[in-house]
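Dear colleague,

Please find below the structure that I am handing over to you. My notes on what was found in it follow directly after.

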Amino acid sequence: TIYEKADRVGGTWRDNTYPGVACDVPSHLYSFSFAPKHDWTRAYSPGAEIQEYCQAVADEYGLGDYLHFVHTLEHSELKEGKWYLTFSNGKQIEADYLISCIGGLHIPSYPSIEGRAAFKGKAFHSAEWDHSYDLSGKKVAVIGTAASALQLIPEIVEKVKHLNVYQRTANWVMPREEKIYSEALKKQFGRWPILAKLLRLWIYILHEMRVPLFRGNSFFQKRAEAMAKKHLDGQVTNHCLREKLTPNYPIGCKRILASDRYFPALQRENVTLHTNQIRRILPQGIEMHNGDVHEVEAIIYATGFKPFDIADKLEVTGKDGLQLSHYMQDGIRAHRSVAVPGFPNYFMLLGPNSGLGHNSIILIIEAQADYILQAINYVTKTSRKTVNVKKEVADAFNADLQKQLKDTIWSSSNCRSWYQDADGRIFTLWPKGTVSFKRALSKFDPDEYLIE
């Protein structure tokens, strides 16, 4: 049984509907290997098209018979070898296995700015876009300049009266080079599926070749930075603005973005980029640390998500009353990204250290799903009841993982990002490529688990 908090499938692409929302991984790779789509409209498809694809896959595989919508899980507890789940609507069920597929980035994050609740105008997060509010002719503020901001700013800049953009950190931005697929090409993909498979393979290889960049290879870093600087120099003529948009950290430290429209949008006459710090939010606008006050009618928070806030509004209680939130206080971690000691028959998709900086997350999801199914099948075939990773095995795996992460760009002294916790420990990303990840999860090893 699949329980979903919303009223339909889709996750990210259901929830994020802001103007310009799209994936930054080419569509032929950002799709399931077992469910190829030959008629993607463009190389980087918009969110609505990906949402349609998610729904189509659910329909094709008959998942409707297993789906229960509008079920928000509030508590799950292990009792005598079974999981007991309680939902916000009062429903309670029991299960032999519990697989958490809530993902790592789904809870919007708001900045801790004084006076945020005092603002009298319209305010919303980019992931909670209010389509009933018309931005036309309004003085608007966008706080944040990362992935979602790069997509939505070019879409709204022509309709607003004035746009104030507040940047805390500059981003490395690559050319997008958007390609729209012709009807003839889409028909060819449908007629000869091998062409789409070869394209997918080619895209995969190109993305996988980026791994050395994140492993600290100076040649790849210099080449990537040169490409990004060339893109910036070619699109931004004003020296002062170009300096503001030039990052002061090595490329790859934070998420590398791609856009052909963001820099031109910032140079429009009705746009002002602010890089000094916000002091507080007033009822009528935003006050800066230098005393300037910018009056605005709407504030859009393009400030991302709470990464892997697994226990937010949800408690998971495992063996002997152990709570998942308590276990994660010593570092958000999981064995092979899917299993946690003390939580028998509990698994995660897109758990700790399963994120990527270079390739399609769909590859990770498929590898994890296959591994979990191997574990469940092994228990079933051996007539056992529960499977739980050994603590010493999980500790050794995570110690080795952190050792590998020390050699990446994300651990360099001049790199701080949401990939890290308050102590600088990287709990979000895999240290190597997808080949390494798939190898690590290719075969379930019963010796790593207590199977009872």
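Contact, in these notes, means heavy atoms within 4.5 Å. Please also bear in mind that this is a predicted model.

With that definition in place, I begin with proline 175, which lies in the loop between β10 (173–174) and α4 (183–191). Not counting residues up to four places away in sequence, proline 175 touches His231, Ala258, Ser259 and Asp260. Its relative accessible area is 28%, so proline 175 is partly exposed, since that class runs between 20% and 50%. Proline 175 and aspartate 134 are 41 residues apart in sequence, and their C-alpha atoms are 30 Å apart in space.

The chain as a whole

The secondary structure of the chain comes to 13 helices and 20 strands. For 452 residues the globule rule gives 22 Å, and the radius of gyration of the chain is 23 Å, close to that value; the chain is therefore as compact as a globular protein of that length. The C-alpha trace spans about 70 × 55 × 45 Å along its principal axes.

Of the 452 residues in the chain, 48% are buried. If one takes the contacts between residues at least 6 apart in sequence, 68% of them join residues at least 24 apart. The accessible surface comes to about 22300 Å², and carbon and sulfur atoms account for 51% of it. As to charge, there are 55 positive and 51 negative side chains, with the centres of the two sets 4 Å apart.

Strands β3, β4 and β5

Strand β4 (residues 82–87) is paired with two other strands, β3 and β5. Strand β3 (residues 73–79) runs antiparallel to β4, and six bridges join them. Lysine 79 stands opposite lysine 82 in β4. The two strands form a hairpin with two residues between them. Glutamate 80, in the turn of that hairpin, has a positive phi of about 50°. Most residues other than glycine have a negative phi. Glutamate 80 has a relative accessibility of 83% and so counts as exposed, the cut-off for that class being over 50%.

Strand β5 (residues 92–95) pairs with β4 in the antiparallel sense, over four bridges. Here threonine 86 stands opposite glutamine 92 in β5. β4 and β5 likewise form a hairpin, with four residues between them, and glycine 90 in the turn has a positive phi of about 95°.

Which side chains of β4 are buried, and which are not? Trp83, Leu85 and Phe87 point to one face and are buried. Lys82, Tyr84 and Thr86 point to the other face and are not buried. In a regular strand the side chains alternate between the two faces of the sheet.

Strands β13 and β14

A further hairpin is formed by β13 and β14, with two residues between them. Strand β13 (residues 278–282) and strand β14 (residues 285–288) run antiparallel and are joined by four bridges. Arginine 280 has glutamate 287 in β14 as its bridge partner.

Glutamine 368, phenylalanine 437 and leucine 350

Glutamine 368 lies in helix α11 (residues 361–381), and phenylalanine 437 is found in helix α13 (residues 434–440). Is glutamine 368 buried or exposed? Its relative accessibility is 0%, so glutamine 368 counts as buried. Phenylalanine 437 also has a relative accessible area of 0% and is therefore buried.

Leaving aside neighbours within four places in sequence, glutamine 368 is in contact with residues including Ser337, Leu350, Ser354 and Phe437. Phenylalanine 437 in turn touches Ser337, Asn353, Ser354, Ile364, Ala367, Gln368 and Trp430, not counting residues up to four places away in sequence. Ser337 and Ser354 thus appear in both sets of contacts. Phenylalanine 437 and tyrosine 204 are 233 residues apart in sequence, yet 14 Å apart in space, C-alpha to C-alpha.

Leucine 350, one of the contacts of glutamine 368, lies in the loop between β18 (346–348) and α11. Phi of leucine 350 is near 55°, a positive value in a residue other than glycine. Leucine 350 has a relative accessibility of 22% and so counts as partly exposed, the cut-off for buried being under 20%.

With kind regards

Technical notes. Residues numbered from 1 in each chain as written. Predicted model: local features only at pLDDT ≥ 70, side-chain atom pairs only at ≥ 80, totals over all residues. Heavy atoms only, no water. Rg over C-alpha atoms; globule rule 2.2 N^0.38 Å. Buried < 20%, exposed > 50% of the residue type's maximum accessible area, 1.4 Å probe, protein only. Areas by Shrake-Rupley, 256 points an atom, 1.4 Å probe, with all protein chains shown as cover. Lys, Arg positive; Asp, Glu negative; His and termini not counted. Charge placed at Lys NZ, Arg CZ, Asp CG, Glu CD. Pairing = 2+ DSSP bridges.
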